[in-house]
Amino acid sequence: MTTTTTLARRSSTFVPVAGLTIFAIASGYLMSLIPLITNEFKMSQDLVSWLASSYYCGLLLGSIIVEPIVVRLGHRVSFIAFLSLLAATVIMMPLVPSQQVWLLARFIAGVAVAGVFVVVESWLLIGDKKERAKRLGFYMTSLYGGTTLGQFGISVIGTQGFEPFIMIFALLCMAMLPPLLCRQGQPSIEHPQSLSLQQIMQLRKPALIGCLVSGILMGSIYGLMPLSLQQEGVANEQISVLMAASF
């Protein structure tokens, strides 16, 4: 009984952290790839800012609407579902190089990524309060460490043709393996609680303003910095290093 409990506790941390790490590598690579490939697919570079905005609109909407899905399906199935949805948008983009399709794909991708974040964060934070700080540390290390590693895909794999999308798709499929193979350890949600808009507005204003400002800055940097560096004549190898340093 003790052995089973220990294994469940280990899998309750390993599964979301392992999946998140591989997801973050793929997401980091994709995030910097998109601004660099508009010319490759014969689309205007003005589309880059709209793609970034569409993605973050999806991220905002997703953070609001995914809770019932997680409650209904459970963390493990929800994680696989959101990763599958994101992988579908990745493979759709090179197959249908259309402005409207890409905007829609990035919006859906934002919703899917929000779902991944909600699943992983709630998975790690529900349960033993004594381990929450350690689990949150694992979460931050996996997310930003994986995203940093993903930037080097620009120099190692490149930005030409279908190969980058195939690699990102493969990484997202690999991220599904931990929850597919490990069926134990997911938390149970018996009485989900949500904050009302009034409760959110009662939070400390400096925290809300800080989140708003940091979101604006991070969105601009992650969405537009690779393109700006490319227009300045910076090589892909240097772009990957600079983007990795920004994380």
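Visitor: How many nonpolar, polar and charged residues does the lining of the largest cavity have?
Guide: This is a predicted model, where local features need pLDDT (confidence in each residue, from 0 to 100) of at least 70, side-chain atom pairs count only at pLDDT 80 or more, and totals for chains, interfaces and linings use all residues. Residues are numbered from 1 along each chain as its sequence is written, and side-chain values use heavy atoms, leaving out hydrogens and water. The largest cavity (points on a 1 Å grid over the protein atoms alone where a 1.4 Å probe fits but cannot get out, lined by residues with an atom within 4 Å of a point) has Met31, Ile34, Tyr222 and Gly223 among its lining residues. With Gly counted as polar and Arg as charged, the lining has nine nonpolar, one polar and one charged.

Visitor: Which helix gives the largest share of that lining?
Guide: Helices here are DSSP runs (H or I) of at least four residues, numbered from the N terminus. Helix 2 (47–65) and helix 11 (205–231) each give two or more residues to the lining of the largest cavity, and the largest share, five residues, comes from helix 2.

Visitor: About how much space lies in the second largest cavity?
Guide: The whole structure has two cavities of 30 Å³ or more, and its largest holds about 120 Å³. The second largest cavity is lined by residues including Ser27, Leu86 and Val113, and its space is about 50 Å³.

Visitor: Which helix has the highest mean pLDDT?
Guide: The protein chain has a mean pLDDT of 84. Among its elements, helix 10 (residues 197–201) has the lowest mean, 64, whereas the highest, 96, belongs to helix 8.

Notes:
1 Å grid on protein atoms, 1.4 Å probe; cavity = no way out; pocket = protein on both sides within 12 Å on 5 of 7 lines; lining within 4 Å. Points joined across faces, edges and corners; volume = space filled by probe spheres on them.
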